[in-house]
Amino acid sequence: GQEEVETVVSMLIEQARIIARTGMKKHLRVLPMYAGLPATEQMKVFERLSHNVRKVIVATNIAETSITINGISFVVDCGFVKLRAYNPKTAIECLVVVPISKASANQRAGRAGRNRSGKCYRLYTEEDFEKLPQSTIPEMQRSNLAPVILQLKALGIDNVLRFPFLSPPPAQSMVQALELLYALGGLDKYCRLTEPLGIRIAEFP
C-alpha cells in the first residue's frame, strides 16, 4: 500500500545518500508508484535519465498489469499484496496483506526484460511459490455486496440473486447484504428500493 511504499522509498533514499558519499559512480533515483499518487508524480517513472543514474521504482501492484515502464531490468518481488476483503461473519471490510497468486507472480516477473534482458528476484522459495493459489480471488467474491445490490436495484434489476455475475459471489454474502440494506431501511420487505431513503442511498458513490 501507499504507506509501505513511502516507507521503503525513504529508506532507499537514505541508503542512496550513504552510498553517494563512498564515491559510487552511479547515482540512485528512487521513485514511488501507487494509485493515489498525483499524476505529475506518477509520470516521473517514465522519464529518461542520464546513463550515470539508476532508476529505482517502489510500486504497489498497480505496476503489475496497469502500466508498462520501459527499461526495467530487474524486479524484486516480495510475494505479498494488500487486498480489500470482506468478512460476512463479522460484516467488516478491511485491507489485508496476503500472499500473491502464481498468476500475479508471473505478471510481476514479466515487468522485467520487455525491451532488454532482465531478471526477477523473488523473496520467497520455489517451494513457497508452488503453494501459491493459481489466481487471485475476484473482487466480487471478497467484497461487501451492499453497494453492488443498490446499483443493480437502481438500474431496475430486481432479482439480484439471479443476476449473471462474471464471478458469482457467495450466496451468504448476497443474503447478508440484502439483510443489511433492509435493516438500514434501504429496501422494503419485497427487496425493492424504498422511497426516498433507498433511492438516496443508491445515489451515493
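**A chat about S101, a hairpin and two pockets**

Biologist: Leaving aside its neighbours within four places in sequence, which residues is S101 in contact with?

Modeller: In this predicted model, S101 is in contact with L132, P133, Q134, S135 and T136, once neighbours within four places in sequence are set aside.

Biologist: Where is the place of S101 in the chain?

Modeller: S101 sits in a loop, between β5 and α4, and α4 covers 102–109.

Biologist: And is S101 buried or exposed?

Modeller: S101 counts as buried because its relative accessible area is 2%, and the cut-off for buried is under 20%.

Biologist: Let me step back. What is the mean pLDDT of the protein chain?

Modeller: The mean is 86, with 99% of the residues at 70 or more.

Biologist: Which elements have the lowest and the highest mean pLDDT?

Modeller: The lowest belongs to helix α3, residues 62–65, with a mean of 78. Helix α5, residues 126–131, has the highest, at 94.

Biologist: Now the strands. How many bridges join β4 to β5?

Modeller: There are 8, and the two strands run antiparallel, with β4 at residues 80–87 and β5 at residues 92–99. One residue to look for is A85 in β4, which stands opposite C94 in β5.

Biologist: What do β4 and β5 form, and what's in the turn?

Modeller: They form a hairpin with 4 residues between the strands. In that turn, A91 has a positive phi of about 60°.

Biologist: New topic: pockets. How much space lies in the largest pocket?

Modeller: About 1900 Å³. Its lining has 49 residues, and V56, I57, V58, I72 and F74 are the closest to the centre.

Biologist: Which elements give two or more residues to that lining?

Modeller: They are α1 (2–21), β2 (53–59), α3, β3 (74–77), β4 and β5. The largest share, 7 residues, comes from β2.

Biologist: And how does the lining of the largest pocket split by class?

Modeller: It has 26 nonpolar, 11 polar and 12 charged residues.

Biologist: What about the second largest pocket, what volume does that have?

Modeller: Its volume is about 350 Å³. The lining has 22 residues, with L83, V98, T136, I137 and R142 nearest the centre of this second largest pocket. You met T136 earlier, as one of the residues in contact with S101.

Biologist: Which element gives the largest share of the second lining?

Modeller: That is β4, with 4 residues. By class, the lining of the second largest pocket has 12 nonpolar, 8 polar and 2 charged residues.

Terms used: Residues are numbered from 1 along each chain as its sequence is written. This is a predicted model: local features need pLDDT of at least 70, side-chain atom pairs count only at pLDDT 80 or more; totals for chains, interfaces and linings use all residues. Side-chain values use heavy atoms; hydrogens and water are left out. pLDDT is the predictor's confidence in each residue, from 0 to 100. Two strands pair if DSSP finds at least two bridges between them. Buried means under 20% relative accessible area, exposed over 50%, partly exposed in between (1.4 Å probe, protein chains only). Contact means heavy atoms within 4.5 Å. On a 1 Å grid over the protein atoms alone, a cavity is a set of points where a 1.4 Å probe fits but cannot get out, and a pocket is an open set with protein on both sides within 12 Å along at least five of seven lines; lining residues have an atom within 4 Å of a point. Grid points are joined across faces, edges and corners, and a volume is the space filled by probe spheres set on the points. Ala, Val, Leu, Ile, Met, Phe, Trp, Tyr, Cys and Pro count as nonpolar, Asp, Glu, Lys and Arg as charged, and the others, Gly among them, as polar.
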